[in-house]
Amino acid sequence: MKAAMTIARKEFQAAFRSQIFLTITILFLGLSILSVYIGSTTKQAEMRIYDETVTTLQAQGAAVLPAAPEIHTLTILANLIEYVSIVGAILAVILGYNTLIEEKESGGLKLILSRPVYRDQLLLGKLLGNSAVIALLLGIVFVFNLVLLVLVGGILPTMGEVARLLAFLGMAFSYMLIFLSLATFLSIHMKDSATVFLIALVFWTMSTFVIPQMADTFMVNSSVINGISGAVNQLPQETAFSRAVNYLSPTWYLRDIGGQLLQSAPGSGGLSAGTLAAHSLTALLALLAPSAALIAAGFASFLRNETLVLE
Amino acid sequence: MTIYTNTIPAPKRGHAVWVIAKKEISDAFRNRLFLVAMVMLLALSLIAIGLGSVTVGQKMVEYNQSVKILTDLGRTDIPPAPDLNPIAVSKNFINYLAMVGALLAMILGFTSIQKERQAGTLRLILSRPVFRDQLLSGKVLGNALLMGVLLAAVGLTTVLAIGIVGKVALTGDQAARLALTILMSWLYMLTFFLLALFFSLRVPKGNQALLLTVIVWLVAAFIFPQIGDTMDLDNQLPGGFFAALGMDKNGEQQALQQFKWYETVRDGVEELSPTKHYERISFALLGIKQGFEQNTWLEVLRLKAVNLVGLIVPVVLLLSGSYAVFLREETYQV
């Protein structure tokens, strides 16, 4: 275990020496700050328009008033879901795509494996080190968002809200782990890191855009008549088939549970703690399953692969 | 004494460019990653177009049945055919191209230079009587042609699917709108091809060039539109915020008057994204965006001139930047 920890420490330090990694990290943290500001400003504007509309309708003697927009404390942080699904995933790929290829190219892999370090320790160390980087970044995002919620939003979150945010970041970690393990798995099998990166990018595009877009095609529109204006609005509704398509996308799980935890999905504010915990557990398992499969496959092939030493 | 000179005649300018362009096209079809992304894009587009055409066909069948019933009843007041807007079947194609198409173009742009660097053939080519501008022109031309043919095939399939499956013939204006949408798609793909090409030429390390390209793509194609969407007040509730308050378009405009600065910032952020420009002009041309159904294709182009400029400017800048970098770069020969 000591050898694995040493390798993990080295991986952790190496990540922060990469300029590209630092650039995308700054982008990720910057966006999380921006999201609080934008979220807060948009919600304030919405409330202002709503209040003015209600005042006008009351003055006109309207009997039916529109329902207040569902704005909860954590709704302000809802942009975080998209930033994790987009920038967070790419960040994880950047951490993993070159993990073993760099060592193969520099000859470091042969050197390490000629020392008393087992292959499983090496791979474990690399995964632990990179996972620690992801955990650290999400930890910074957690602190940043709480501080900004107080400073920019002027809101002191309750313990329940802090727990929801923490649970979301747990989901974000599991989601990013999928892309880290995918990139690491590919880097075991391939010689060219650019190809590893591009293949991981194709998978990410499928998960984040293509599958949800296909699922949208199978949704049906239901007509809702507005009680005040009488206008008919079309609202997209999920079907069994569109949901089944979405199940293929890890990003959909993150967005779905993220919407519930950060209270941006309609009706999520009223969910009981038990229901939310059950939903979170299901999503967590769905998000951990691909990582578990990829890591297991990665270990199986890395332990049996002799060509790495012979090359 | 006879002096023999051995000189290699310089090939004709156009010939060298064309040879390089042809090689680029044949190389692309040997790139497995490109083939995977291309098959993915084509399959998704064809499924989307096919499903859309089936819907159009069903509506036409329903209309024809109604006409037959009315005729059998001896009625003469036959209602006009429904306005189906058949070219709207390309809506999902636009969404897929915005993501997968850009990725495909970046793969082409990156491998175009990277393959030569890895094989050491860039030095070899430049040691022959081929000028740097010819080499770059050939690469741009070959890949631009490849993307053009790919998109033209999708456009042609759309016309055929609408005609055969949907049983609707396109009018001249609809055909022009579809052709222009394909042209916009080509400009959009060209932007990301040139972005990858520019970074591959500018940054000597292949991996860094690729990562920089992807970061710029993320910011331009996802982050800016996402910020814009979040700042869009109407986008905060399913079905629309203003519709939920019972407001019509006029009421919405009035309410937004007091947030003019906010809307200006939102629009400004979105204007920075080629993806937004592409979506806006394509959705207007295809008649998916409300308010452009009655305009001719020329009027739509005029109304959406800002978006057209937004698609052309990055192409011009990146192309000029690529030439400037490559023509001045001496390290390839060293």
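The buried residues of helix H10 in chain A pack against five neighbours of that chain: H3, helix H7 (159–189), H8, helix H9 (240–246) and helix H11 (273–304). That is a good place to enter this model, which is predicted.

Let us look at H10(A) itself. The helix covers residues 250–261, 12 residues in total, and reaches 16 Å from its first C-alpha to its last, close to the 16 Å expected at 1.5 Å a residue. Because 11 of those 12 residues are buried, H10(A) is largely enclosed by the rest of the structure. If you would like to find them, the buried residues include Pro250(A), Thr251(A), Trp252(A), Tyr253(A) and Leu254(A). Further along the helix, Arg255(A), Asp256(A), Ile257(A), Gly258(A), Gln260(A) and Leu261(A) are buried too. After the helix comes Gln263(A), whose phi is positive, near 60°.

Now take one of the neighbours, H7(A). Two packed helices are described by the angle between their axes and the distance between the axes. For H7(A) and H10(A), the angle is about 175° and the axes lie 10 Å apart. Angles over 145 degrees count as roughly antiparallel, so that is how H7(A) is placed relative to H10(A). On the H7(A) side, the contact is made by Arg164(A), Ala167(A), Phe168(A), Met171(A), Tyr175(A) and Ile178(A). H10(A) contributes Pro250(A), Leu254(A), Ile257(A), Gly258(A) and Leu261(A). By class, the residues of this contact divide into nine nonpolar, one polar and one charged.

From here we can step out to the place where the chains meet. The contact between them takes 42 residues from chain A and 43 residues from chain B. On the chain A side, the elements that give two or more residues are helix H2 (19–59), helix H3 (79–96), helix H8 (193–217) and strand S2 (232–237). H8(A) supplies the largest share, 13 residues. H3 and H8 have come up before, as both are among the elements of chain A that the buried residues of H10(A) pack against. Sorted by class, the side of chain A that touches chain B has 26 nonpolar, 14 polar and two charged residues.

Finally, cross over to chain B. Its secondary structure comes to 13 helices and zero strands. The C-alpha trace of chain B spans about 105 × 55 × 35 Å along its principal axes. Of its 334 residues, 42% count as buried. Among the contacts in chain B with a separation of 6 or more, 84% come from residues 24 or more positions apart.

Key: Residues numbered from 1 in each chain as written. Chains lettered and ligands numbered in written order. Predicted model: local features only at pLDDT ≥ 70, side-chain atom pairs only at ≥ 80, totals over all residues. Contact = placed C-beta atoms within 7 Å. Helix = DSSP H or I, 4+ residues; strand = E, 2+ residues; numbered from the N terminus. Nonpolar A, V, L, I, M, F, W, Y, C, P; charged D, E, K, R; others polar. Expected span 1.5 Å × (residues − 1). Buried ≥ 20, exposed ≤ 12 C-beta atoms within 10 Å, placed from the backbone. Axes fitted to C-alpha atoms, helices over the stretch in contact; angles between N-to-C directions. Parallel < 35°, antiparallel > 145°, perpendicular 65-115°, else oblique.
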